[in-house]
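Student: I am new to this structure and would be grateful for a close look at a single part of it. Please take one helix and explain how it is placed among its surroundings.

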Amino acid sequence: MSTPRRNRDRHGRGLRGSLYPPTLPAASTRAERFDALVLAALDPIEARWRTELTDLDIAVDDVPDVRETERPQDGLLADGGVPLARLVPAGVDRRGQPTKARIVVFRRPLEARARDGADLADLVHHVLVEQVANYLNLDPGVIEGDG
């Protein structure tokens, strides 16, 4: 006969719940906070360039694929050889379906270069401006509204 399974940990305190309610920002993961940061950085760019960016997707990846970074590619924004973002041009997928152009922002390299949250927000905004300028074949100052 088996012993009944207990619903408590070995110290008898019971199962632990979440530390914060899910409605508070502290309950979100680092990846979720970074995704929100990318969306916030994209808002002013998209507000100005909405019609030009309808065929562009934005994606976030944790780290770049090392196999793809071994060979130099157009559309790669790097710092000291470490990719921060990549512009993937529009094309055709394996099934023959057309795909949109896509900017892929790499979370971990950007977080490693930022001193704090404000610095990370500025860095993400700068990377998005550079990649959108590359996509539209414009100067980054024009994307910002400086040029």
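Tutor: The account below follows helix α4, then the sheet beside it, and lastly a group of charged residues.

The model is a predicted one, and every value given here is to be read in that light. Helix α4 covers residues 117-136. It has 20 residues and reaches 28 Å from its first C-alpha to its last, close to the 28 Å expected at 1.5 Å a residue.

Consider the two ends of the helix. At the N-terminal end, Asp116 acts as a cap for α4, with one of its side-chain oxygens 3.3 Å from the backbone nitrogen of Ala118. After the other end comes Asn137, whose phi is positive, near 55°; this residue is not a glycine. Asn137 belongs to the loop between α4 and α5 (140-144). It counts as exposed because its relative accessibility is 69%, and the cut-off for that word is over 50%.

Within the helix, a number of residues are buried, among them Leu120, Val124, Leu128 and Val132. Polar and charged residues also appear in that list, including Asp119, His125 and Gln131. Gln131 may serve as an example. Its relative accessibility is 3%, so Gln131 counts as buried, the limit being under 20%. Leaving aside residues up to four places away in sequence, Gln131 touches Gly75, Leu77, Ala85, Arg86, Leu87 and Ile103.

Some of these contacts lead to the sheet. Helix α4 lies across β1, β2, β3 (82-88) and β6, and it runs at about 35° to β3. The sheet itself is open and consists of 4 strands in the order β1-β6-β3-β2, with mixed pairing. At its edges are β1 (56-61) and β2 (76-79), each of which pairs on one side only. From one strand to the next, the twist averages 15°.

One pairing in this sheet deserves a closer look. Strand β1 and strand β6 (residues 101-106) run parallel and are joined by 6 bridges. Ile58 stands opposite Ile103 in β6; Ile103 is also one of the residues that Gln131 touches. Another helix packs on the sheet as well: α1 (residues 30-49) touches β1 and β6, and its direction makes about 150° with that of β1.

Helix α1 leads to the charged residues. The structure holds 6 salt bridges. One of them links Glu111 with Arg30, and their closest N and O atoms are 2.9 Å apart. Glu111 lies in helix α3 and Arg30 in helix α1, so this pair ties together parts that are 81 residues apart in sequence. Glu111 has a relative accessible area of 17% and is therefore buried. Not counting residues up to four places away in sequence, Glu111 touches Arg30, Phe34 and Leu120. Leu120 is one of the buried residues of α4, and this contact brings the account back to the helix with which it began.

Glu111 also has a salt bridge with Arg107, where the closest N and O atoms are 3.0 Å apart. Both residues lie in helix α3, 4 residues apart, which is about one turn of the helix. Arg107 counts as buried because its relative accessibility is 9%. Through shared partners, salt bridges join Arg30, Asp62, Arg107 and Glu111 into one network.

Note on methods
Residues are numbered from 1 along each chain as its sequence is written. This is a predicted model: local features need pLDDT of at least 70, side-chain atom pairs count only at pLDDT 80 or more; totals for chains, interfaces and linings use all residues. Side-chain values use heavy atoms; hydrogens and water are left out. Buried means under 20% relative accessible area, exposed over 50%, partly exposed in between (1.4 Å probe, protein chains only). Contact means heavy atoms within 4.5 Å. Helices (H or I, at least four residues) and strands (E, at least two) are DSSP runs, numbered from the N terminus. Two strands pair if DSSP finds at least two bridges between them. Axes are lines fitted to C-alpha atoms, for helices over the stretch in contact, and angles run from 0 to 180 degrees between N-to-C directions. The expected span of a helix is 1.5 Å times one less than its number of residues. A polar contact is a pair of N or O atoms within 3.5 Å; within protein, one must be able to donate a hydrogen and the other to accept it, and residues adjacent in sequence count only if both atoms are side-chain atoms. A salt bridge is a side-chain nitrogen of Lys or Arg within 4 Å of a carboxyl oxygen of Asp or Glu.
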